[in-house]
Amino acid sequence: MENFKHYPQTTELDTSWQRLIALAIEKLPNAYAPYSNFLVSAALLMDDDTIVFGTNQENAAYPSGLCAERVAVFAAQSQQPHKKILRIAIVAKPATGQELASGASCGACRQVMLEAEYRQQQPIEIVMLTAKDRWTIAPSAESLLPFAFNKKNLISHY
Ligand SMILES: [Zn+2]
């Protein structure tokens, strides 16, 4: 756990993180979350300084929806597959609330962010609000998913 850094407020983060978090917050209204009423937004800082966004998109057939992180990562990989993702900011908020809520990424999103990291052969830093007044920066997707399943498992059978 020592690889994770925690900060009580965003003003203690570098200005690049502050900007990315602010942009992610701006996109929260784009979430479509009529079932959970829990809005989530992910902003990806790409290596050309552009930003790719994703918000959670729910569906009446629940499993058909998708989390913000995967919407964003898949959009980035579809639209600009040769660019690397440097950082991901993830924010969440109840639809009826004003304050941000803690919202750590689910396991499926961690798996997808990890695959993106393997693919680009460069770590992706991730920030999320893991508790009230605790912004956590993970140094890589791998750090969020130890002992992960990956393509090596499909080749070797140890
Ligand atoms: Zn997820």
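In what order do the elements of the protein run from the N terminus on? Here are some notes to read alongside the structure.

1. **The overall order.** Starting at the N terminus, the elements run β-α-β-β-α-β-α-β-β-α. That comes to four helices and six strands. Please keep in mind that this is a predicted model.

2. **Overall size.** The radius of gyration is 15 Å, close to the 15 Å that the globule rule gives for 158 residues, so the protein is as compact as a globular protein of that length. Along the principal axes, the C-alpha atoms fill a box of roughly 50 × 40 × 30 Å. Of the 158 residues, 32% are buried. Look also at how the chain folds back on itself: among contacts between residues at least 6 apart in sequence, 61% join residues at least 24 apart.

3. **Helix H1.** This helix covers residues 15-26, and a simple check works well here: at 1.5 Å a residue, its twelve residues should span 16 Å, and the end C-alpha atoms are indeed 16 Å apart. Which residues of H1 are buried? They are Leu20, Ile21 and Ala24. These residues cover an arc of only 100° around the axis, which puts them on the same side of H1. Their cover includes strand E2 (38-46), strand E4 (85-94) and strand E5 (125-131).

4. **Helix H2.** You can repeat the length check on H2: its twelve residues should span 16 Å at 1.5 Å a residue, and the 16 Å between its end C-alpha atoms agrees. The buried residues of H2 are Ala68, Glu69, Arg70, Val71, Ala72, Val73 and Ala76. Among the elements covering them are E2, E3, E4 and H3.

5. **How the strands pair.** Try tracing the pairs on the model, beginning with E2. E2 and E3 pair in the antiparallel sense over five bridges, and Ser41 has Thr55 in E3 as its bridge partner. E2 is also joined to E4, by nine bridges, and these two strands run antiparallel. Here Met46 is partnered by Ile85 of E4. E4 and E5, by contrast, pair in the parallel sense, over four bridges. In that pair, Ile88 is matched with Ile126 of E5, and Arg87 with Glu125 of E5.

6. **Strands E4 and E5.** Are these strands mostly covered or uncovered? E4 is mostly covered, with seven of its ten residues buried. As for E5, five of its seven residues are buried, so this strand is largely enclosed by the rest of the structure.

7. **The nonpolar core.** How many residues does the largest nonpolar core have? It has 38, and those with the most contacts inside it are Ala42, Leu44, Ile88, Ala89, Ile90, Met113 and Ile126. At least two residues of this core come from each of H1, E2, helix H2 (68-79), E4, helix H3 (107-120), E5 and strand E6 (134-138).

8. **A closer look at Ile90.** Leaving aside residues up to four places away in sequence, Ile90 touches Ala24, Val40, Ala42, Ala68, Glu69, Gly103, Ser105, Ile126 and Met128. Some of these names should look familiar: Ala24 is one of the buried residues of H1, while Ala68 and Glu69 are among those of H2.

9. **Two aspartates with positive phi.** Most residues other than glycine have a negative phi. Now look at Asp49, with a positive phi near 75°. Where is Asp49 found? Asp49 lies in the loop between E2 and strand E3 (51-55), in the turn of a hairpin that has four residues between its strands. With 8 C-beta neighbours inside 10 Å, Asp49 counts as exposed. Asp133 has a positive phi too, near 60°, and is found in the loop between E5 and E6. Asp133 is exposed, with 10 other C-beta atoms within 10 Å.

10. **Towards the end of the chain.** Finally, find Ser156, in the segment after helix H4 (151-155). Is Ser156 buried or exposed? Ser156 is exposed, because 6 other C-beta atoms lie within 10 Å and a residue with 12 or fewer counts as exposed. From C-alpha to C-alpha, Ser156 and Ile90 are 34 Å apart in space, and they are 66 residues apart in sequence.

Methods
Residues are numbered from 1 along each chain as its sequence is written. This is a predicted model: local features need pLDDT of at least 70, side-chain atom pairs count only at pLDDT 80 or more; totals for chains, interfaces and linings use all residues. The expected span of a helix is 1.5 Å times one less than its number of residues. A residue is buried if 20 or more other C-beta atoms lie within 10 Å of its own, exposed if 12 or fewer, and partly exposed in between; C-beta atoms are placed from the backbone. The arc is that of the directions from the helix axis to the C-beta atoms. Two residues are in contact if their C-beta atoms, placed from the backbone, lie within 7 Å. A nonpolar core is a set of buried Ala, Val, Leu, Ile, Met, Phe, Trp, Tyr and Cys residues joined through C-beta atoms within 7 Å. The radius of gyration is taken over C-alpha atoms; the globule rule is 2.2 Å times the number of residues to the power 0.38. Two strands pair if DSSP finds at least two bridges between them.
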